[in-house]
Structures are given as structure tokens and as C-alpha cells.
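Me: I would like to go through this model with you, one question at a time, beginning with the ligand and then turning to the aromatic rings and to a few single residues. Please reason briefly before you settle on each value or name.

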Amino acid sequence: MTQEELFKVLVAHCKEYGFIFPSSEIYDGLAAVYDYGQMGVELKNNIKQYWWNAMTRLNENIVGIDSCIFMHPRIWEASGHVGAFNDPLIDNKDSKKRYRADVLIEDYLAKIEEKMNKEVEKGRKRFGEAFNEEQFRATNPNVLREKAKYDEVHNRYKKAEDANDLAEYKQIIVDCGIVCPISGTCNWTDVRQFNLMFSTSIGSTSEGASTIYLRPETAQGIFVNYLNVQKTGRMKIPFGIAQIGKAFRNEIVARQFIFRMREFEQMEMQFFIKPGTELEWFKKWKEQRMKWHVNLGMGAENYRFHDHEKLAHYANAATDIEFLFPFGFKELEGIHSRTNWDLGRHQQYSGRKIEYFDPEEGVAYTPYVVETSIGVDRMVLAVLSHSYKEEKLENGETRVVLSIPAPLAPVKAAVLPLVKKDGLPELAQKVMDELKYDFNCQYEEKDSIGKRYRRQDAIGTPYCITVDHQSLEDGCVTVRERDTMSQERVKIEDLRALIDKRVNLNNLLRNL
Ligand code: GAP
């Protein structure tokens with residue numbers, strides 16, 4: 001199965017097993033908006049808890065807040081979002097479809113790269129063991145031709161991006177013969193900037209109403225509460241404020257399932273520090289955040305840093321933690337050294353002094369900030385895409401299993417009476433009552449035990465507990481482990497400790 005096919009299968013699996021549904025589906029859906037189902041919400045909550053506890057419990061100097069989605073419109077002027085939170089947009093006059101000009105060019109470049117990679121794979125097959133990829137790339141005429149084309153377009157594109165030259169974007173599209181995938185024509189409008197913020201109005205009368213925005217990031221809610229938290233929490237620099245909440249962006253190209261949505265959730269932490277120490281903290285947070293990811297056991301090789309060469313004017317360092325999604329390495333989290341730009345701008349726009357008085361050094365300053373920002377939904381996608389496996393079993397059957405890191409699994413244990421009679425359901429219910437206060441458990445008595453195991457594998461339940469006739473006599477049950485499918489007999493009173501050992505989130509946190 002290709003990665004593309006696998007991704008389609010994953011999307012269907014998410015729907016079939018109650019993880020993620022297209023929003024408003026009975027009305028034919030709403031593009032790039034998704035709802036979380038009964039399994040998805042549990043997974044999402046577990047991810048949020050892992051992040052929240054890692055931030056606010058493991059760091060005595062980080063506290064949390066929950067600010068509102070609606071904020072004073074001046075905040076978005078101060079933050080620069082009204083003026084510059086734009087994507088370059090282009091319309092095809094024949095299909096009337098709208099695209100992001102930069103994405104059209106990037107897709108074109110990706111196709112050239114794909115062609116080069118195909119040539120390399122052909123070479124690898126032809127030369128076998130003796131194949132030297134570096135030499136092949138440097139000498140093969142087909143690869144060299146494509147490389148020259150790639151470099152030329154890439155250089156033009158980067159220059160246009162740096163200069164914010166929208167006319168050059170269009171010229172590149174025309175020169176490369178990039179056509180609209182719907183109409184197949186090159187009949188394009190000019191490129192223009194499109195602001196990504198959703199706006200609405202607040203106030204009960206049309207005269208008194210004013211435009212406000214749905215926040216495009218949660219970070220500004222932290223910045224504007226800096227003084228409140230610092231003062232009321234008697235926080236000393238360095239300290240952090242963490243927040244989890246919804247953000248909204250009117251993405252023009254919203255695709256790849258929950259990777260890029262119009263309504264999504266962020267987990268952001270702003271770490272307030274003394275000016276001059278930001279690069280040291282930036283390095284620390286880079287390490288810390290990578291550790292948080294790798295600690296989940298999804299393979300260190302599936303993550304990498306992508307340091308930004310082009311920095312926003314207010315940043316003096318920035319990196320992405322990229323994850324190997326089925327469609328390649330893509331941004332999962334951003335870590336940014338934002339200087340004192342945001343606090344400085346809010347000081348200027350609000351007229352309120354936003355400073356920290358350092359009691360030890362006797363000086364006042366506007367703190368610098370290192371930010372860590374991760375999308376909850378992207379994290380859900382990372383976990384699901386990494387966990388989905390189709391395994392061939394010894395008996396020739398295939399089982400679909402989600403090997404979700406156990407502390408994040410939506411359901412931790414399923415309690416299954418072997419048959420629906422002979423007092424087994426009653427005993428199974430007692431087992432449920434024993435476990436339900438500590439773990440999210442499911443009770444299932446329908447279908448054969450084999451079918452029930454498969455259903456639990458498909459939602460990633462680490463343990464299945466089968467209550468059989470023997471259980472009535474010896475007080476033991478069969479515990480089947482998800483990944484190895486191994487089975488052992490365990491006393492009912494020992495179940496809690498056995499499950500807890502593997503699924504308790506605190507064990508993950510202890511390794512950080
Ligand atoms: N406060 C900084 C900030 O918002 P960002 O790189 O624009 O930075 C941070 O977003 C993270 O939010 C990204 O790394 C990604 O995980 C997530 N994110 C951004 N846009 C998204 C979208 N349209 N859909 C889903 N997640 C998104």
C-alpha cells in the first residue's frame with residue numbers, strides 16, 4: 001500500500017471507529033472542519049493532559065490560563081495580524097476555484113523532486129548493491145536536467161517570497177505552465193493578499209456593533225494577561241504561562257484531513273525571560289520539547305528540527321519540530337524566540353506599562369519571550385498515523401491495530417464476559433466496577449471473543465480482560481495484551497496494578 005493509500009484508509013478508519021467525523025456530514029459536510037467522536041475526544045484529552053501536566057506540574061514556574069476566543073480588536077492590530085496575517089491568493093477564471101499561489105508553486109517543485117527521486121529509485125534497482133546515490137545524483141542527465149529546472153524556479157520563488165512580490169508569483173505560475181487541476185487552464189487572476197482571520201460583529205444593534213475577530217492563535221491571550229498573572233501569581237522571571245484553546249484561520253488550502261483546518265486547537269506556552277538570555281532558553285525549550293515527543297515511543301527517527309532561515313522581523317531564532325506524516329516530514333510544533341516584540345506592541349497600543357521589575361538587579365525591563373506552540377489536532381494525526389497497522393497473522397488473517405502509546409489510548413481496558421450467561425456478565429460487571437474509577441473501560445458482551453478482540457485492537461485498547469467459567473471458581477481472568485496478543489491469567493484483585501503500570505500518564509511524565 002502506498003503512503004497515499006494508507007492515508008485514505010486511515011481517514012476511513014477514523015470515521016468507522018468514532019475518532020473523527022467530517023463536520024455537518026448530514027448536510028454534506030463543511031470543508032476543512034472536523035468533529036471528534038467518542039474515541040477521538042478521549043485521545044485528544046489524553047494528549048492535552050500529557051502536555052498540560054508536562055508544562056504546569058513539572059515546572060514550578062509555569063502556570064496555566066484560559067483566555068477568551070473573543071478579544072479586543074486592537075489586540076490584532078498590535079500583534080500585526082490585521083496588517084500582515086495574509087496568504088497570497090489566486091483564482092482560476094474558468095473554474096472559479098481559489099488557490100494559494102505559494103502552494104501552487106510548492107506543489108510544482110514537489111513534483112520535480114518526485115521525478116528526481118523516481119530516477120534515483122530506478123538507478124538503485126538497476127545497479128543494486130553497487131549503487132552510489134550521491135554520484136548518481138551528480139551525474140545522471142535526467143536528474144541533472146530536473147535539478148536545474150528545480151533550482152531555477154526555487155530561486156525565483158524564494159526571491160519573490162522575500163520581496164513579497166505578488167506579480168512575480170503569478171509570472172512563475174504562468175512561466176511554469178501551472179494549470180488549475182479542475183479546469184486544466186492557465187487562465188489566472190492576479191495574485192492578491194488574503195487575510196486569514198475570521199471576523200464577526202459584537203453588539204446588539206447594527207449602529208453599535210463593531211468588528212471583532214476569532215483569535216487566530218491563543219498566544220495573544222497570554223501576552224495580554226502577562227501583567228495579571230505576573231502580579232497575582234507573584235511570578236518571578238523566568239516564568240511561563242501555558243494555555244490550550246481553539247484558534248481559527250480561514251485557510252485557503254485546507255487539506256490533508258485534520259492537518260490543516262479552519263477551526264483547530266493549540267497548546268501554547270510563552271516563557272518570559274530576561275533580555276539577552278533568549279538563545280539559551282530557546283535551546284533549552286528545543287531540547288525539552290523534542291524530549292516530550294520522543295518520550296511517547298513513536299521513534300526518534302520520525303522527528304526532526306527544521307530551523308528557519310527566514311525569520312519574522314520580531315524573531316531572532318525559530319525552529320519547527322517536524323514529524324514524518326504519511327505525506328512526508330511536516331511541521332508539528334513551532335518554537336520561536338519572539339524577543340519583546342509582542343509585549344512591546346501591546347504596551348504601545350494599550351498605553352499600559354508592561355514591564356518586569358527585577359528585585360535582585362534593581363532594574364525594570366520588558367521581558368523577552370520564547371514560545372512553544374503545538375497543534376492538538378496535528379498531534380492527534382501524528383499519533384493515529386504512526387499507530388495504524390495492518391498485520392498479517394500466522395493464520396493468514398489480517399488484523400488492524402492502533403498501537404497508540406498506552407497512556408494516550410482512548411480506552412485502557414475492555415471487560416469481556418466469554419458468554420452472556422452463567423453468571424459471567426455479573427462477574428464482568430464487578431470487574432468493571434473495580435476498574436472504572438481509575439481507567440476508561442468498555443464493557444462488551446456482543447459477538448464472539450475473537451471479533452471483540454479485533455474491535456478493541458482497532459481502537460487501540462491496550463488490555464482485553466476476559467471473564468470465563470474458570471473465573472467463577474478461581475477469581476482469575478485472562479488478560480490479553482494488544483501489541484503482542486500474549487495472554488496471561490491474572491487475579492481480579494491484581495488487575496488494577498497491572499493495567500496502571502502501563503497506562504498511567506505519570507509514568508510518561510516521570511521520564512521527562
Ligand atoms: N503562536 C504561534 C503560532 O500560532 P503557528 O506556526 O502559526 O504559530 C503553531 O502555529 C502550531 O499550530 C503549528 O505548528 C500547528 O501544529 C498548528 N496549526 C497552525 N495552523 C493550523 C491549522 N490550520 N490547522 C491545524 N493546526 C494548525
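Me: How many residues surround the ligand, and which are the closest?
Reply: The model is a predicted one, and totals for linings use all residues. On that basis the shell around the ligand comprises 21 residues. The closest of these are E217, R249, M261, E268 and E331.

Me: Which strand gives the most residues to the shell around the ligand?
Reply: Three strands each contribute at least two residues to the shell, namely β10 (263–273), β13 (328–339) and β16 (368–375). The strand that gives the most, with 6 residues, is β13.

Me: How do the residues of the shell divide into nonpolar, polar and charged?
Reply: Glycine is counted with the polar residues in this division. With that convention, the shell around the ligand holds 6 nonpolar residues and 5 polar ones, while the number of charged residues is 10.

Me: What is the distance from an oxygen atom of the ligand to a polar backbone atom of G375, and what share of the ligand's accessible area does the protein cover?
Reply: A ligand nitrogen atom lies 3.4 Å from a polar backbone atom of F259, and a ligand oxygen atom lies 3.0 Å from an N or O atom in the side chain of Q266. For G375, the distance between a polar backbone atom and an oxygen atom of the ligand is 2.9 Å. On its own the ligand has 550 Å² of accessible area, and the share that the protein covers is 91%.

Me: How many aromatic pairs does the structure hold, and what is the angle between the planes of Y226 and F239?
Reply: The structure holds 21 aromatic pairs. One of them joins Y226 and F239, whose ring centres are 5.9 Å apart. This pair links distant parts of the chain, since Y226 belongs to helix α10 (residues 226–232) and F239 to strand β9 (residues 239–248), 13 residues apart. Y226 and F239 are both buried, and their pair is stacked, with an angle between the planes of 20 degrees.

Me: Why does F325 count as buried, and which residues are linked with F325 into a cluster by ring pairs?
Reply: The limit for a buried residue is under 20% relative accessible area, and F325 counts as buried because its relative accessibility is 2%. F325 also forms a stacked pair with F327, at 5.5 Å centre to centre and 5 degrees between the planes. Ring pairs link F325 into a cluster with F7, Y34, F257, F259, Y303, F323 and F327.

Me: Is Q243 buried or exposed, and how far from a polar atom of its side chain does the backbone nitrogen of S67 lie?
Reply: Q243 is found in strand β9, and its relative accessible area of 0% means that Q243 is buried. Leaving out residues up to four places away in sequence, Q243 touches W51, W52, S67 and Q266, among others. From a polar atom of the Q243 side chain to the backbone nitrogen of S67 the distance is 2.5 Å.

Me: Which residue has a side chain joined to that of D91 by a polar contact of 3.0 Å?
Reply: D91 has its place in strand β4 (residues 86–91) and counts as buried because its relative accessibility is 13%. Apart from neighbours within four places in sequence, the residues in contact with D91 include K97, N187, W188, T189 and R192. The side chain that the 3.0 Å polar contact joins to D91 is that of R98.

Conventions
Residues numbered from 1 in each chain as written. Predicted model: local features only at pLDDT ≥ 70, side-chain atom pairs only at ≥ 80, totals over all residues. Heavy atoms only, no water. Helix = DSSP H or I, 4+ residues; strand = E, 2+ residues; numbered from the N terminus. Buried < 20%, exposed > 50% of the residue type's maximum accessible area, 1.4 Å probe, protein only. Polar contact = N/O pair within 3.5 Å; in protein donor to acceptor, adjacent residues only side chain to side chain. Contact = heavy atoms within 4.5 Å. Near = heavy atom within 4 Å. Areas by Shrake-Rupley, 256 points an atom, 1.4 Å probe, with all protein chains shown as cover. Phe/Tyr/Trp six-rings, centres within 6.5 Å; stacked < 30°, edge-to-face > 60°.
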